[in-house]
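User: Please take a close look at one helix of this structure and at what surrounds it. I should like a connected account rather than a list.

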Amino acid sequence: MDGRAFSELLVVVEALLDHSETGQCVQIHSNNAQFCIDLLERMEYEIGKLELPSSSTNDAISREKTLKFSAVERLSNLISIVSSLSLRRPQFDALLHCETTATAIVTRSLEAVIDYEIVKENADAAIHIPKAPDRPVLPKRTRREAIKVPFVKNLSELLRCNVVDEEQIAELKCACVRALGNLCCESPSNQRIVGKHDGVILLLHCARRLDTDSPFLMQWAIAALRHVCMGCPENQQRLAGIEQCPSAIVDRDRLLMQLGLKAVIEENSGKIRLERIS
């Protein structure tokens with residue numbers, strides 16, 4: 001089977017597993033689920049060891065062809081499959097909730113998308129001429145430390161080199177956000193791994209909708225934040241520790257209200273914790 005046919009097969013599997021519209025659940029063997037996770041790991045490895053493309057778009061495309069598959073499209077399909085499988089509990093708990101490999105890869109994939117957006121915004125701001133001379137200029141955003149991870153760096157490069165269009169990038173971003181929400185729903189191990197990889201901050205980036213984003217991405221991000229933080233004191237502390245003043249990323253108090261939470265300062269310790277709004 002060639003690469004194109006295999007990618008189309010993944011699309012079919014993804015559609016069959018997403019039974020939200022039909023209500024019919026297609027059964028899948030645990031070995032097949034493990035294969036999808038193994039393939040996701042293999043993709044992370046292959047993308048991570050790519051030689052970085054030059055500034056030439058043609059060179060970037062030729063480098064991606066050495067993978068023998070459309071990296072972004074296949075990654076998006078696999079993450080969507082993982083997202084659907086994570087809801088089948090307890091059938092796949094051992095693969096997706098006790099084991100956190102897939103969750104870590106999804107988080108790093110979202111990290112690459114966010115880095116792509118940061119670089120793009122900085123580039124757009126550099127050539128943007130304000131309509132009013134007295135209008136404040138947004139400060140240049142700093143790229144995150146995770147860019148040192150080869151997979152994150154290379155995937156971000158592929159996204160920036162016109163290998164795929166904006167719609168495919170938006171689909172990958174949405175798939176990552178939905179998957180993190182599903183994986184972290186009542187899953188302490190996944191909550192911890194997402195928090196460890198700065199997933200709270202990444203989801204906060206997604207809580208502000210860009211023109212290129214998929215519809216309802218903001219709602220998916222807020223739902224994912226709820227699943228990442230509920231019952232997890234460490235992630236609640238990360239969320240509550242956001243600066244109180246509204247920023248270009250998110251207004252903390254407004255976000256907490258949407259999550260049905262409020263920040264409370266403990267009198268004895270001075271620490272911030274989150275409580276449900278009664």
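The request below concerns helix α8 and its surroundings, and the reply follows it.

User: How many residues does helix α8 have, how far does it reach, and which cavity lining does it contribute to?

Analyst: The model is predicted, and the account below should be read accordingly.

Helix α8 runs over residues 166-184 and has 19 residues. From its first C-alpha to its last it reaches 27 Å, close to the 27 Å expected at 1.5 Å a residue. Of these 19 residues, 14 are buried, so α8 is largely enclosed by the rest of the structure.

Both ends of the helix have a local feature. At the start of α8, a side-chain oxygen of aspartate 165 comes to within 3.2 Å of the backbone nitrogen of glutamate 167. Just after α8, glutamate 186 adopts a positive phi of about 50°.

Contacts with other parts of the chain help to describe the surroundings. Serine 76, a residue of helix α4 (residues 71-85), touches Glu171, Leu172 and Ala175 when residues up to four places away in sequence are not counted. Serine 76 has a relative accessibility of 8% and therefore counts as buried, the cut-off being under 20%. Leucine 96 is in contact with Leu183, and also with Ile37, Val82, Leu85, Ser86, Ala102, Thr103 and Asn190, leaving aside its neighbours within four places in sequence. The largest nonpolar core comprises 64 residues, among which Ile79, Leu96 and Leu110 touch the most other members.

The helix also borders enclosed empty space. The structure holds two cavities of 30 Å³ or more, and the largest cavity has a volume of about 40 Å³. Its lining consists of Tyr116, Glu117, Glu166, Ile169, Ala170, Lys173, Thr212 and Asp213. The elements that give two or more residues to this lining are α6 (101-127) and α8. Helix α8 supplies the largest share, four residues.

Two of the lining residues, Thr212 and Asp213, bring the account to the loop between α10 (199-206) and α11 (217-229), where arginine 208 lies. Arginine 208 has a relative accessible area of 17% and is therefore buried. Its side chain makes a polar contact with the side chain of glutamate 121, at 2.8 Å.

In summary, α8 is largely enclosed by the rest of the structure, and α8 gives four residues to the lining of the largest cavity.

Note on methods: Residues numbered from 1 in each chain as written. Predicted model: local features only at pLDDT ≥ 70, side-chain atom pairs only at ≥ 80, totals over all residues. Heavy atoms only, no water. Core = buried A, V, L, I, M, F, W, Y, C linked by side-chain atoms within 4.5 Å. Buried < 20%, exposed > 50% of the residue type's maximum accessible area, 1.4 Å probe, protein only. Contact = heavy atoms within 4.5 Å. Polar contact = N/O pair within 3.5 Å; in protein donor to acceptor, adjacent residues only side chain to side chain. Expected span 1.5 Å × (residues − 1). 1 Å grid on protein atoms, 1.4 Å probe; cavity = no way out; pocket = protein on both sides within 12 Å on 5 of 7 lines; lining within 4 Å. Points joined across faces, edges and corners; volume = space filled by probe spheres on them.
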